[in-house]
Amino acid sequence: MAITAQMVKELREKTGAGMMDCKKALTETDGNMEAAIDYLREKGIAKAAKKADRIAAEGLTSVIVDGNKAVILEVNSETDFVAKNENFKNLIAELGNHLLATEPASVEDALASDFNGTSVNDYINAAIAKIGEKLTLRRFEILKKDENAAFGAYLHMGGRIGVLSVLEGTTEEEVAKDVSMHVAAVNPKYISRDEVSEEEVSRERKVLTEQALNEGKPENIVAKMVEGRLGKYFEDICLNDQSFIKDPDQKVGKYVASKGATVKAFIRFEVGEGLEKREDNFAEEVMSQVKK
């Protein structure tokens with residue numbers, strides 16, 4: 001498989017490894033991105049892939065709570081200047097309230113839905129004409145809870161990161177907000193170890209085993225070492241296993257349990273994550289290296 005500059009660029013962004021190491025990893029794994037990440041980790045060249053792609057768009061996230069329903073949404077703009085515009089902030093609030101009221105199944109359904117006699121899509125287009133930049137409703141999620149539960153709504157950096165969590169067993173919104181604040185800062189992937197698939201655990205165990213062997217560790221202690229490192233892996237990706245940012249001596253799961261609660265769900269949006277950013281000079285640099 002031909003290794004392209006874009007592939008090298010993506011692997012470099014995910015792992016922080018050098019261009020030539022990324023090119024070699026992709027060549028050795030026939031262009032398989034996940035296998036290339038594992039290859040770099042096994043060789044000790046890179047740590048685990050970063051949890052989020054580079055931020056590439058402007059805009060804001062927002063969280064709106066209405067009784068036992070809440071919505072988290074992201075609306076993109078072209079510049080940070082417009083993201084700070086009051087008209088833009090008002091648009092996000094209006095869209096959030098509309099999403100809560102109508103509960104569309106998808107962004108497409110939301111854009112086609114009726115909004116005061118016009119479609120949401122046409123309403124956004126009218127805002128574009130007024131504000132002067134392309135605006136996009138990128139994504140949203142609606143969560144519901146029962147009476148013996150609490151929503152945690154938290155916005156970081158004015159809405160660059162938004163988190164919505166649901167805690168069952170407590171009605172203390174401050175407790176849920178603390179959990180959301182932690183999620184914003186640490187960016188866990190799962191709530192608990194139970195959510196991690198056996199396939200992912202097996203893959204990580206294989207990588208850690210190869211890593212230990214490549215470090216020259218004796219085979220008779222490698223298995224024990226790997227299980228210890230697996231524990232650290234779970235701490236990296238599972239919310240309940242992480243040290244609570246407001247009290248590092250306590251795990252998040254233990255903190256929540258001390259309040260008689262459990263984390264039922266969390267959603268974290270970071271503006272622009274996963275969107276591609278054009279970096280022409282860098283792409284040319286990578287291409288020149290790949291062609292050598």
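**Helix 8 and the sheet beneath the selection**

Select helix 8 together with strand 6, strand 7 and strand 10: in this predicted model, helix 8 lies across these three strands and runs at about 40° to strand 6. Hide the helix for a moment and display the strands alone. They form an open sheet of three strands in the order 6-7-10, with antiparallel pairing. Strand 6 (149-156) and strand 10 are the edge strands, each of them pairing on one side only. From one strand to the next, the twist averages 10°.

Next, restrict the view to strand 6 and strand 7. The two run antiparallel and are joined by eight bridges. To fix the register, select Ala-150, which stands opposite Leu-167 in strand 7.

**A salt bridge between strand 7 and strand 10**

Remain on this sheet and show the side chains of Glu-168 and Lys-264, which meet in a salt bridge with an N to O distance of 3.7 Å. The pair links distant parts of the chain: Glu-168 belongs to strand 7 (residues 161-168) and Lys-264 to strand 10 (residues 262-270), 96 residues apart. How exposed are the two partners? Glu-168 has a relative accessible area of 29% and is therefore partly exposed. Lys-264, with 46%, is likewise partly exposed.

**From helix 8 to the hairpin**

Restore helix 8 and select Asp-178 with Lys-246. These residues form a salt bridge whose closest N and O atoms are 3.1 Å apart. Asp-178 is in helix 8 (residues 173-186), while Lys-246 lies in the loop between strand 8 (243-244) and strand 9 (247-251), so the contact ties together parts that are 68 residues apart in sequence. Asp-178 counts as buried because its relative accessibility is 11%.

Follow Lys-246 outward to the two strands that flank its loop. Strand 8 and strand 9 form a hairpin with two residues between them. They run antiparallel and are joined by two bridges. Within this hairpin, select Phe-244, which stands opposite Asp-247 in strand 9.

**The Arg-138 and Glu-74 pair**

The structure holds 22 salt bridges. For another of them, select Arg-138 and Glu-74, whose closest N and O atoms are 3.3 Å apart. This pair also links distant parts of the chain, with Arg-138 in strand 5 (residues 136-144) and Glu-74 in strand 2 (residues 69-77), 64 residues apart. Is each partner buried or exposed, or does it fall in between? Arg-138 counts as partly exposed because its relative accessibility is 24%. Glu-74 counts as buried, at 0% relative accessibility.

Add Arg-139 and Glu-273 to the selection. Salt bridges that share partners join Glu-74, Arg-138, Arg-139 and Glu-273 into one network.

**Helix 5**

Clear the view and select residues 86-102, which make up helix 5. Its 17 residues reach 24 Å from the first C-alpha to the last, close to the 24 Å expected at 1.5 Å a residue. At the start of the helix, show Asn-85: one of its side-chain oxygens reaches to within 2.6 Å of the backbone nitrogen of Asn-87. Along the helix, colour the buried residues, namely Phe-88, Leu-91, Ile-92, Leu-95, Gly-96, His-98, Leu-99 and Leu-100. Just after the helix, Glu-103 takes a positive phi of about 50°.

**Helix 3**

Move to residues 33-42, which form helix 3. This helix is mostly covered, eight of its 10 residues being buried. Which residues of helix 3 are buried? They are Met-33, Ala-36, Ile-37, Asp-38, Tyr-39, Leu-40, Arg-41 and Glu-42. To view part of what covers them, display the surrounding helices, among them helix 1 (5-15), helix 2 (19-28) and helix 9 (198-214).

Then inspect the two ends of helix 3. At its start, a side-chain oxygen of Asn-32 reaches to within 3.1 Å of the backbone nitrogen of Glu-34. Just after the helix, select Gly-44, where phi is positive at about 75°.

**Last stop: Ser-119**

Finally, select Ser-119, which is placed in strand 4 (residues 118-119). Ser-119 has a relative accessible area of 18% and is therefore buried, the limit for that class being under 20%. Expand the selection to its contacts, leaving aside neighbours within four places in sequence: Ser-119 touches Leu-111, Ala-112 and Ser-113.

Key: Residues are numbered from 1 along each chain as its sequence is written. This is a predicted model: local features need pLDDT of at least 70, side-chain atom pairs count only at pLDDT 80 or more; totals for chains, interfaces and linings use all residues. Side-chain values use heavy atoms; hydrogens and water are left out. Helices (H or I, at least four residues) and strands (E, at least two) are DSSP runs, numbered from the N terminus. The expected span of a helix is 1.5 Å times one less than its number of residues. Buried means under 20% relative accessible area, exposed over 50%, partly exposed in between (1.4 Å probe, protein chains only). A polar contact is a pair of N or O atoms within 3.5 Å; within protein, one must be able to donate a hydrogen and the other to accept it, and residues adjacent in sequence count only if both atoms are side-chain atoms. A salt bridge is a side-chain nitrogen of Lys or Arg within 4 Å of a carboxyl oxygen of Asp or Glu. Two strands pair if DSSP finds at least two bridges between them. Axes are lines fitted to C-alpha atoms, for helices over the stretch in contact, and angles run from 0 to 180 degrees between N-to-C directions. Contact means heavy atoms within 4.5 Å.
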